[in-house]
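Work through the exercises below with the sequence and the 3D view open. Try each task before reading its solution.

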Amino acid sequence: MITYELIQKLESLDYFDSLLKHGIVPVNWVDYKVIYEFYLRELERLKIKGSVSPKIKRQAKCNTAEEFSVSEVQVYKIIQKMKG
């Protein structure tokens, strides 16, 4: 199971807020999820005829970095964490 899916499942729990408040689930993982979802939407928006080229992936990372005021390297690391 990828990290992104696991976070989605955790969010559906009634006691998810408690997990965050007690530090069991770090709050930054929720931020990572939001950033990753924005990146995925950018990929869809930039897609040309159903294909995603490396250039499109780079542009989506750049747009995401700009939107959240983080570096492209941070976006790349977040994407890797969410896929891991």
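**Exercise 1.** Find how many salt bridges the whole structure holds, then describe the one between Glu-11 and Lys-33.

Solution. Step 1: a salt bridge is a side-chain nitrogen of Lys or Arg within 4 Å of a carboxyl oxygen of Asp or Glu. A search of the whole structure gives five of them. The model is predicted, so local features need pLDDT of at least 70 and side-chain atom pairs count only at pLDDT 80 or more, while totals for chains, interfaces and linings use all residues. Residues are numbered from 1 along each chain as its sequence is written, and side-chain values use heavy atoms, with hydrogens and water left out.

Step 2: in the bridge between Glu-11 and Lys-33, N and O are 3.0 Å apart. The two residues lie 22 residues apart, Glu-11 in helix H1 (residues 3-11) and Lys-33 in helix H3 (residues 27-46), and the pair links distant parts of the chain. Helices here are DSSP runs of H or I with at least four residues, and strands are runs of E with at least two, numbered from the N terminus.

Step 3: buried means under 20% relative accessible area, exposed over 50%, and partly exposed in between (1.4 Å probe, protein chains only). Lys-33 is buried because its relative accessible area is 8%. Glu-11 has 32%, so Glu-11 counts as partly exposed.

**Exercise 2.** Which helices does the salt bridge of Glu-72 and Arg-58 link?

Solution. Step 1: the closest N and O atoms of Glu-72 and Arg-58 are 2.9 Å apart. Step 2: Glu-72 belongs to helix H5 (residues 72-83) and Arg-58 to helix H4 (residues 54-68), 14 residues apart. Step 3: Arg-58 is exposed because its relative accessible area is 53%, whereas Glu-72, at 27%, is partly exposed. Step 4: bridges that share partners join Glu-11, Lys-33 and Glu-37 into one network.

**Exercise 3.** Identify the residues of the largest nonpolar core that touch the most other members, and the helix that gives the most to this core.

Solution. Step 1: a nonpolar core is a set of buried Ala, Val, Leu, Ile, Met, Phe, Trp, Tyr and Cys residues joined through side-chain atoms within 4.5 Å. Step 2: the largest one has 14 residues, and Tyr-36, Tyr-39, Leu-43, Ile-78, Ile-79 and Met-82 touch the most other members. Step 3: at least two residues come from each of H1, H3, H4 and H5. H3 gives the most, with five residues. Step 4: a further core of five residues lies apart from this one and includes Phe-16, Leu-20, Val-25 and Val-30.

**Exercise 4.** Is Asn-63 buried or exposed, and which residue shares a side-chain polar contact with Asn-63?

Solution. Step 1: Asn-63 lies in helix H4. Asn-63 is buried because its relative accessible area is 18%. Step 2: a polar contact is a pair of N or O atoms within 3.5 Å; within protein, one must be able to donate a hydrogen and the other to accept it, and residues adjacent in sequence count only if both atoms are side-chain atoms. The side chains of Asn-63 and Glu-42 form one at 2.7 Å. Step 3: contact means heavy atoms within 4.5 Å. Leaving aside neighbours within four places in sequence, Asn-63 is in contact with Phe-38, Glu-42, Arg-45 and Leu-46.
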